[in-house]
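Okay, thanks for coming, everyone. Could you put the model up on the screen, please, so we can walk through it together?

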Amino acid sequence: MSIELPEAKILAEQMNKELQGKIIISCHLQDYERLQKIGMMNKDIKTFDHLIDGKIESVTSRGNVIHVKLNNGMNLILGPEYGGRIFYHASDKTVSNFHLKVDFNDDTALTVRLTSMGVINAMRDNELERSYVYRRDFNPEVLSPLDEEFTFERFSKILADNNRALKSVLVGKDAVVVGLSNSAFQDIIYRARLHPKRKASELKKDEMNALCEAIKFVLHERIRLGGKDQFNDLYGNQGGYIPAMGPNMKQQTCPKCKAPIEKMSVGGGHVYFCPKCQI
């Protein structure tokens with residue numbers, strides 16, 4: 001499943017707790033050729049050797065991206081936004097299903113495997129801005145829905161000035177917020193009772209408020225419940241959040257009005273919605 005803002009935050013906080021202060025003693029890569037070919041991993045895998053002997057200073061996230069900062073001028077950028085597994089291993093060194101395995105000086109390890117599109121990059125401090133996903137999600141000029149600056153006043157002004165469809169406003173490279181993908185989008189607009197093809201600038205004030213509140217609710221609830229139900233955290237624990245709308249509602253009826261759930265193509269992806277509740 002996709003790793004969106006809530007799941008990235010959960011993983012980053014767990015990683016920061018477990019990894020801060022640890023020293024990397026080795027890095028192992030396998031089954032990585034396809035990732036290199038499509039630009040999802042360093043072309044020169046020897047770059048990962050520069051992580052060795054580095055001490056983990058911090059692990060943070062913004063949007064869908066996890067940033068592991070080392071004290072030797074190196075960084076590990078993880079962006080498993082279209083699917084990935086990141087696990088902490090307290091002692092078991094026999095793990096085999098990974099793209100990257102990082103061993104630490106206390107016999108613990110971290111494994112990362114992408115299940116779809118994403119990023120695994122080792123980068124120097126002065127190279128970070130070359131990373132598209134880092135530049136996109138750690139850009140302070142683009143709001144994160146978890147920022148204190150994400151207020152209704154500011155968000156509604158952005159919406160009023162934007163004449164694009166809601167999906168392109170909330171999802172993708174030109175989104176006005178970071179961390180939302182198609183999965184969260186479907187859930188959010190259902191809770192806000194908005195049709196997938198509505199334009200941002202056409203929303204009334206109460207609709208803008210409903211959208212703002214739905215974004216906050218979905219993201220904070222996913223964090224509170226340990227991520228979506230298809231997500232496994234750093235320790236393998238399954239998340240408990242079940243989306244109110246999305247592919248899980250295929251061939252189902254709306255829990256509010258009992259109308260059959262429909263599917264349409266919006267902004268390059270499929271969106272499930274209720275034709276009666278979402279107008």
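I'll start with the whole chain and then stop at a few residues.

Some ground rules before we look. This is a predicted model, so local features need pLDDT of at least 70 and side-chain atom pairs count only at pLDDT 80 or more, while totals for chains, interfaces and linings use all residues. Residues are numbered from 1 along each chain as its sequence is written, and side-chain values use heavy atoms, with hydrogens and water left out.

Right, the big picture. We've got seven helices and ten strands in the chain. Those are DSSP runs numbered from the N terminus: helices are H or I with at least four residues, and strands are E with at least two. The radius of gyration is 20 Å, close to the 19 Å that the globule rule gives for 279 residues, so the chain is as compact as a globular protein of that length. That radius is taken over C-alpha atoms, and the rule is 2.2 Å times the number of residues to the power 0.38. If you boxed up the C-alpha atoms along the principal axes, you'd need roughly 55 × 35 × 35 Å.

How much of the chain is buried? Buried residues make up 52% of the 279. Buried here means under 20% relative accessible area, exposed means over 50%, and partly exposed is in between, using a 1.4 Å probe and protein chains only. Then there are contacts, meaning heavy atoms within 4.5 Å. Among contacts between residues at least 6 apart in sequence, 64% join residues at least 24 apart.

On charge, there are 39 positive and 35 negative side chains, and the centres of the two sets lie 7 Å apart. Lys and Arg count as positive, Asp and Glu as negative, and His and the chain ends aren't counted. The place of each charge is NZ of Lys, CZ of Arg, CG of Asp or CD of Glu.

Now let's go inside. A nonpolar core is a set of buried Ala, Val, Leu, Ile, Met, Phe, Trp, Tyr and Cys residues joined through side-chain atoms within 4.5 Å. The largest one has 35 residues, and Met-15, Phe-48, Leu-51, Ile-66, Ile-86, Leu-110 and Ile-120 touch the most other members. Helix H1, residues 5-19, gives the most to this core, with six residues. Apart from it lies another core, of 33 residues, including Phe-155, Val-171, Ala-214 and Val-266.

Take Leu-51: beyond its neighbours within four places in sequence, its contacts include Ile-24, Cys-27, Leu-70 and Ala-122. Leu-100, in strand S6, is another one to click on. Leu-100 counts as buried, at 0% relative accessibility. Its C-alpha is 5.7 Å from that of His-28, although the two are 72 residues apart along the chain. Once you leave aside the neighbours within four places, Leu-100 is also in contact with Phe-48, Leu-110 and Ile-120, among others.

Next, helix H6, residues 182-191. Is H6 mostly covered or mostly open? Mostly covered: eight of its ten residues are buried. The cover includes helix H5 (166-170), helix H7 (205-224) and strand S10 (269-273). Gln-186 in H6 is buried, with a relative accessible area of 2%. Setting aside neighbours within four places, Gln-186 is in contact with Met-245, Gly-246, Pro-247, His-270, Val-271 and Tyr-272.

Ser-183 lies in H6 too, and it's buried, with 18% relative accessible area. Leaving out neighbours within four places, Ser-183 is in contact with Ser-2, Glu-4, Arg-222 and Lys-228. Ser-183 and Glu-4 are 179 residues apart along the chain, yet their C-alpha atoms are separated by 8.5 Å. Just after the helix, H6 is followed by Arg-193, with a positive phi near 60°.

Speaking of positive phi, here are two loop residues. Asp-107 isn't a glycine, but its phi is near 70°. Asp-107 sits in the loop between strand S6 (100-104) and strand S7 (109-114), and it's exposed, at 54%. Lys-258 isn't a glycine either, and its phi is about 70°. You'll find Lys-258 in the loop between H7 and strand S9 (262-266), exposed at 56% relative accessibility.

Last stop: Glu-153 in helix H4, residues 152-160. Is Glu-153 buried or exposed? Exposed, at 57% relative accessibility. Okay, that's me done.
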